[in-house]
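Grab a coffee and work through these short exercises with the model open beside you. Each one sets a task and then walks through a solution.

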Amino acid sequence: MAGGQSTHPNGPIPLGKDGTDNDIEWSAISMTHVEYPKGDLIGKMLAWFSLLPVFILVGFVTLILFRRELHTMCYLLGMIVNEFINWVLKHLIREPRPSVRDKEGLYCEYGMPSSHAQFMWFFSMYITFFLYIRVYKNYNWSDDLWKYIVSCSCFIIAGIVSYSRVYLAYHTVSQVLWGAVTGLILGALWFAVVQFLLTPLFPYIASCPIGEFLMIRDSTLIPHVLWFEYTSSRTEARSRQRKVTARKSQ
């Protein structure tokens, strides 16, 4: 070991006061249990990245509450199924986390496979299939450039989150790699389930009494949802404005 860092296989963990990994002084991000070596700016940045799955889940719940769109619901359901499979795998394999990591405050003492890596690679694989298969296709490839940017960005971020779990000593490299592989496979399989099994049921779910009561939407056949909602709301607003003006002129 040299340069004030350990040769721990998980990454550049700084040494504690007694020259060992076990004496690292950890600092937690406010209101979370995510810890990073105190004074390590890179560790702090990666700790924030490791919170992305939480932010994504909160975003999906908010999106569903306000939009009530069936495909968004299925996407979130897939994430929940993915997390459940991860929990089952962890308790079947029962491989411990790195010894440098204190087990207090951890959701699960087992680390194989990494749930963060599995979540992010599931999310990235699913959204890639969604962008290239479900979202409208333009005639000019340059108009679809945003799809490539979003897809590549998701995979890059998934890689950063995965690396953060190794850097912060929550997982070994193999635990993160297997989490990524599992997430990719489950993301592809779940998209196939939604595309071929669940999507044909969407019209029935949206038109049933409960679906109508909850105002659940099925926008499968709408090629450009944002443009459709923009033009529909603008048309309705202009129509109502004309009615208001007509009443005032009487």
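**Exercise 1: a charged pair**

In which helix do E236 and R240 both lie, and how many residues apart are they?

Before you start: this is a predicted model, where local features need pLDDT of at least 70 and side-chain atom pairs count only at pLDDT 80 or more, while totals for chains, interfaces and linings use all residues. Residues are numbered from 1 along each chain as its sequence is written, and side-chain values use heavy atoms, with hydrogens and water left out.

Step 1. Find helix α9, residues 225-249. Helices here are DSSP runs of H or I with at least four residues, strands are runs of E with at least two, and both are numbered from the N terminus.

Step 2. Both residues sit in α9, four residues apart, about one turn of the helix. An α-helix has 3.6 residues a turn, so residues three or four places apart point the same way.

Step 3. Check the side chains: E236 and R240 meet in a salt bridge, at 2.7 Å from N to O. The rule asks for a side-chain nitrogen of Lys or Arg within 4 Å of a carboxyl oxygen of Asp or Glu. The count by this rule is one salt bridge.

Step 4. Look at accessibility. E236 is partly exposed at 40%, and R240 is exposed at 53%. The cut-offs are under 20% relative accessible area for buried, over 50% for exposed, and partly exposed in between, using a 1.4 Å probe and protein chains only.

**Exercise 2: follow one helix**

Work out how far α5 reaches and what its buried residues pack against.

Step 1. Helix α5 covers residues 145-167, which is 23 residues. From first C-alpha to last, α5 reaches 33 Å, close to the 33 Å expected at 1.5 Å a residue. The expected span is 1.5 Å times one less than the number of residues.

Step 2. List the buried side: K147, S151, C154, A158, V161, S162, S164, R165, V166 and Y167.

Step 3. Those residues pack against α1 (41-49), α2 (52-67), α4 (115-134) and α6 (173-198).

Step 4. Zoom in on S164, which is buried with a relative accessible area of 0%. Skipping neighbours within four places in sequence, S164 is in contact (heavy atoms within 4.5 Å) with L46 and S50.

Step 5. Go past the end of α5 and you meet A169, whose phi is positive, near 65°.

**Exercise 3: the cysteine check**

Why does C154 form no bond with C152?

Step 1. Recall the chemistry: a disulfide is a covalent bond between the sulfur atoms of two cysteines. The test used here is a pair of cysteine sulfur atoms within 2.5 Å.

Step 2. The closest cysteine sulfur to that of C154 is in C152, 9.4 Å away, so the pair is too far apart for a bond.

Step 3. The final tally is zero disulfides. As for setting, C154 is buried at 11%, whereas C208 is partly exposed at 26%.

**Exercise 4: the nonpolar core**

Which residues of the largest nonpolar core touch the most other members?

Step 1. Know the rule: a nonpolar core is a set of buried Ala, Val, Leu, Ile, Met, Phe, Trp, Tyr and Cys residues joined through side-chain atoms within 4.5 Å.

Step 2. The largest core has 31 residues, and I56, F60, Y75, M79 and F123 touch the most other members. Two or more residues each come from α2, α3 (70-93), α4, α5, α6 and α7 (202-207). The largest share, nine residues, belongs to α4.

Step 3. Try F60: leaving out neighbours within four places, F60 is in contact with T72, Y75, L76, M79 and F123.

Step 4. Apart from this core lies another one, of eight residues, including Y36, A47, L51 and Y167.

**Exercise 5: a loop serine**

Is S219 buried or exposed, and which residues is S219 in contact with?

Step 1. Place S219 in the loop between α8 (209-213) and α9.

Step 2. S219 is buried, with a relative accessible area of 16%.

Step 3. Beyond its neighbours within four places in sequence, S219 is in contact with E69 and V225. S219 and H71 are 148 residues apart in sequence, but 8.2 Å apart in space, C-alpha to C-alpha.
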